[in-house]
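Biologist: Before I trust any labels here, I'd like to go through them one by one. Can you show me how each one is earned?

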Amino acid sequence: MKLPVLYTFRRCPYAMRARISLYYSKISYEHREILLKDRPGELYALSPKGTVPVLNLPDGKVLDESLDIMKWSISVNDPDSWLVNNITDQLNAIRINDDDFKKWLDKYKYHDRYPEFPIKYYRHECEEILQSFEKKLDKRTYLFCQKISLADMAILPFIRQFANVDILWFNGRFANISKWMGELIESEIFQSMMKKYEIWKPSSKGQKIIFNN
Ligand SMILES: N[C@@H](CCC(=O)N[C@@H](CS)C(=O)NCC(=O)O)C(=O)O
């Protein structure tokens, strides 16, 4: 059976969310681990922008946006109903994450490359966005309802990156998010999708990830 092929990079938060959704939906696939500094021609042939993740479906279709991979995956199998009725709010939160939070997160992480402002300025811009999540989690266990939904998992890898810049400060500043994050990171899906794989060599097959549904 021909499997979907995923080009991915372990530490990329966009690739993480794609892998989370494939594991959640139990979609067997071929895992091609790549290095951003040495991207294979095969990746560019599928998607000239050369970003990861890229999912090449057996029918030839190419998904080169992480959120599209999540949506496709959940459309194939959504065992715990991650797509709940407030999906517009969820997509809006994901958009703010991808358009705004990610921009400030990069400046916070790599603040020495952006000396026009001190690190705390960039951190504060991120905090402003996270504050609304902290408030949401006063009332419920997950961001959009009492159970995990799409937005929790789409945003998690980015918040994790933010937290890891200064985890002690983060845990003190955002107690609710830190509890939410800790629980999701411990989950089987998150742990499974963070497994390490050898870098894919174009002369060989990638690693087959098989789910026996
Ligand atoms: N909008 C894309 C963004 C993906 C993205 O920017 N991935 C990063 C790695 S974390 C990348 O490939 N960067 C290389 C580049 O921009 O050339 C998505 O959601 O899939």
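Modeller: Sure, starting with a definition: a salt bridge is a side-chain nitrogen of Lys or Arg within 4 Å of a carboxyl oxygen of Asp or Glu. Keep in mind that this is a predicted model.

Biologist: What makes Lys-102 and Asp-106 a salt bridge?

Modeller: The closest N and O atoms of Lys-102 and Asp-106 are 2.8 Å apart, and the cut-off is 4 Å, so the pair qualifies. Side chains of opposite charge can pair when their charged atoms come close.

Biologist: How are Lys-102 and Asp-106 placed in helix α4?

Modeller: Lys-102 and Asp-106 sit four residues apart in helix α4, which spans residues 87-109, so about one helical turn separates them.

Biologist: Why is Lys-102 called buried, and what is Asp-106 called?

Modeller: Buried means under 20% relative accessible area. Lys-102 has 14%, so Lys-102 is buried. Asp-106 has 21%, so Asp-106 counts as partly exposed.

Biologist: How many salt bridges does the structure hold?

Modeller: Six. Another one of them joins the side chains of Glu-30 and Arg-32, at 2.7 Å from N to O.

Biologist: Are Glu-30 and Arg-32 buried or exposed?

Modeller: Glu-30 is buried, with a relative accessible area of 5%. Arg-32 is buried too, at 13%. Both values are set against the limit of 20%.

Biologist: What about Arg-173 and Glu-127: why is that contact called a salt bridge?

Modeller: Their side chains meet at 2.6 Å, N to O, and the limit is 4 Å, so the name fits. Arg-173 belongs to helix α7 (residues 167-173) and Glu-127 to helix α5 (residues 119-139), so this pair ties together parts that are 46 residues apart in sequence. As for cover, Arg-173 is partly exposed at 32% relative accessibility, whereas Glu-127 counts as buried at 11%.

Biologist: How many disulfides does the count come to?

Modeller: Zero. The rule asks for two cysteine sulfur atoms within 2.5 Å. Cys-12 is buried, at 8% relative accessible area, and Cys-145 is buried at 18%.

Biologist: What makes the link between Ser-73 and Ser-25 a polar contact?

Modeller: Their side chains are joined at 2.9 Å, and the cut-off for such N or O pairs is 3.5 Å. Ser-73 is found in helix α3 (residues 66-76) and has a relative accessible area of 0%, so Ser-73 is buried.

Biologist: On to the ligand. Which residues surround the ligand?

Modeller: Among them are Cys-12, Tyr-14, Leu-36, Arg-39, Val-52, Asp-64 and Ser-66. The shell divides into six nonpolar, two polar and three charged residues.

Biologist: Which polar atoms does the ligand meet at Arg-39, Val-52 and Ser-66?

Modeller: At Arg-39, a polar side-chain atom lies 2.9 Å from an oxygen atom of the ligand. At Val-52, a polar backbone atom is 2.9 Å from a ligand nitrogen. At Ser-66, a polar side-chain atom lies 2.6 Å from a ligand oxygen. Set these against the cut-off of 3.5 Å. On its own the ligand has 510 Å² of accessible area, and the protein covers 71% of that.

Key. Residues are numbered from 1 along each chain as its sequence is written. This is a predicted model: local features need pLDDT of at least 70, side-chain atom pairs count only at pLDDT 80 or more; totals for chains, interfaces and linings use all residues. Side-chain values use heavy atoms; hydrogens and water are left out. A residue is near a molecule or strand if one of its heavy atoms lies within 4 Å of it. A polar contact is a pair of N or O atoms within 3.5 Å; within protein, one must be able to donate a hydrogen and the other to accept it, and residues adjacent in sequence count only if both atoms are side-chain atoms. Accessible areas come from the Shrake-Rupley method with a 1.4 Å probe; for residues, only the protein chains shown count as cover. Ala, Val, Leu, Ile, Met, Phe, Trp, Tyr, Cys and Pro count as nonpolar, Asp, Glu, Lys and Arg as charged, and the others, Gly among them, as polar. Buried means under 20% relative accessible area, exposed over 50%, partly exposed in between (1.4 Å probe, protein chains only). Helices (H or I, at least four residues) and strands (E, at least two) are DSSP runs, numbered from the N terminus.
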